[in-house]
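Let's take a walk through this protein together, starting from a small space inside and working outwards. Have the viewer ready so you can click on residues as we go.

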Amino acid sequence: MNRTLVICLFLMLSGLQTFSQSAGENTYEFLNLGSSARVAALGGDQIALGNVDADYAFYNPAALHPELDQSVNLNYVSYLADINYGYASYTRSYKNIGTFSLGMHYVNYGEFTEADVQGDITGNFKASDYALFICYGKEINKNLRIGVTLKPIYSSLEKYKSFGLASDLAVIYNSSDELFRASILARNFGYQIKAYYGSHREDLPNEILIGMSTKLQHAPFAFAITYRHLEKFDQSYRSELNQVDNSFTNQSSENGFIDKAAKHLILGAEFLPSKNFSLRLGYNFQRRDELGVDEKKSTVGFTWGFGLTVSRFRINFASAKYHLAGSSSHFSVSTRLSNFNFR
């Protein structure tokens, strides 16, 4: 096996037992709010997609390749409760060195009403998060790519400020016929340099993901699957008031095992009738299980979207159903500056 691959896999997997936090127990959770409309339409967090735009470095830096040289991407998400966030990036490739991408991820939580302990209104305040993405990807051979991302983080919540540093490390395997792709990714491993208050530093939302995708050779369909949180099997929420929040708690142990395993999975499918148009559908098991209302699940956990090419621009849209109370809308636009003649 390639020596570089062995080293990368060892570094990622060596942290499985050391790092095993769950959602809601960490700081900088906004790092997991992906904005790519294509990925959102496929259920979110798909890390092994092919034929990607440069903004895909947000999910997997190993996907960066020379064909993305001079690509510009702009993503915007209309989230829940007037929250909005986005990601913008620019990519350059250098022969015999690799491909670099510089991106900015932000979340604007809006304006809040400030009050004292008696409930008297004293003014307004704002809250926002920012992360700079410095991504690098390189081809080791025809079938293997590696990538790394460095993320300086700044968070401002009213008068409380925090700084941190996170990193991603990824490996991608491509089959020789380019119909199959697999990847493993260590995400958001780092350190909170400055805490919001005092000296109490919090853990970052680190995790290990594995993913696969395949395109049918003689039909216009592609499929993707991602397994999140490889480092911790039981993702059930626990608290002092409710030790285990699991919809299958009162059922058999077999059903409990199946439920826990399913919570890690994200499924996606694409219909590709032409090079300039595609339709997408996704399903997020954990989102449906934890955010759906038992009396009326509706389409919670399902996602859909489309992509099209107009002139020199690639445009993508997605809608993700989080809860009966609302959905998020994702918009992405990408182009290559080399397609324009600025002279």
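The largest cavity holds about 70 Å³ of space. Keep in mind as you look at it that you have a predicted model on screen. Searching the whole structure turns up one cavity of 30 Å³ or more. Which residues line the largest cavity? The list runs Ser36, Arg38, Val39, Val52, Asp53, Asp55, Tyr56, Asn316 and Ser332. Sorted by class, that lining is an even split, with three nonpolar, three polar and three charged residues.

Now zoom out for a moment. The protein has four helices and 14 strands. It counts 343 residues, and 45% of them are buried. If you take the contacts with a separation of 6 or more, 55% of them are between residues 24 or more positions apart. On the outside, the accessible surface comes to about 17,800 Å², and carbon and sulfur atoms own 58% of it.

Back to the cavity lining, and to one of its residues in particular, Arg38. What does Arg38 pair with? Its partner is Glu270, in a salt bridge whose closest N and O atoms are 2.9 Å apart. Arg38 sits in helix 2 (residues 37–41) and Glu270 in strand 10 (residues 265–274), so this pair ties together parts that are 232 residues apart in sequence. Are the two ends of this bridge buried or exposed? Arg38 has a relative accessibility of 13%, so it counts as buried, and Glu270 is buried too, with a relative accessible area of 6%. The cut-off at work here is that anything under 20% is called buried.

It's a familiar idea that side chains of opposite charge can pair when their charged atoms come close. Here the count comes to twelve salt bridges, and a couple of others deserve a click.

Try Arg228 and Asp45, whose side chains meet in a salt bridge at 3.4 Å, N to O. Arg228 lies in the loop between strand 9 (221–227) and helix 3 (253–262), while Asp45 lies in the loop between helix 2 and strand 1 (71–78), so the pair ties together parts that are 183 residues apart in sequence. Arg228 counts as buried at 15% relative accessibility, and Asp45 is buried with a relative accessible area of 10%. These two aren't on their own, either: Asp45, Arg187, Glu207 and Arg228 are linked in a network of salt bridges.

Next, find Asp69, which forms a salt bridge with Arg92, the closest N and O atoms being 3.0 Å apart. Asp69 is in the loop between helix 2 and strand 1, Arg92 is in strand 2 (residues 84–94), and the 23 residues separating them make this another link between distant parts of the chain. Here the two ends don't share a burial class: Asp69 is buried, with a relative accessible area of 15%, whereas Arg92 counts as partly exposed at 30% relative accessibility.

Slide one residue along to Gln70, in that loop between helix 2 and strand 1. What is the phi of Gln70? It is near 65 degrees, a positive value in a residue other than glycine. Gln70 counts as partly exposed, at 23% relative accessibility. Glu158 also has a positive phi without being glycine, near 60 degrees. You'll find Glu158 in the loop between strand 5 (144–157) and strand 6 (160–174), and it is partly exposed, with a relative accessible area of 24%.

One last stop is Phe285, in helix 4 (residues 285–291). What does Phe285 touch, leaving aside residues up to four places away in sequence? The answer is Ala262, Lys263, Leu265 and Leu267. Put a distance on the C-alpha atoms of Phe285 and Asp259 and you should get 9.1 Å, for two residues 26 apart along the chain. Even with those neighbours, Phe285 is partly exposed, with a relative accessible area of 25%.

Conventions. Residues numbered from 1 in each chain as written. Predicted model: local features only at pLDDT ≥ 70, side-chain atom pairs only at ≥ 80, totals over all residues. Heavy atoms only, no water. Helix = DSSP H or I, 4+ residues; strand = E, 2+ residues; numbered from the N terminus. Buried < 20%, exposed > 50% of the residue type's maximum accessible area, 1.4 Å probe, protein only. Contact = heavy atoms within 4.5 Å. Areas by Shrake-Rupley, 256 points an atom, 1.4 Å probe, with all protein chains shown as cover. Salt bridge = Lys/Arg side-chain N within 4 Å of Asp/Glu carboxyl O. 1 Å grid on protein atoms, 1.4 Å probe; cavity = no way out; pocket = protein on both sides within 12 Å on 5 of 7 lines; lining within 4 Å. Points joined across faces, edges and corners; volume = space filled by probe spheres on them. Nonpolar A, V, L, I, M, F, W, Y, C, P; charged D, E, K, R; others polar.
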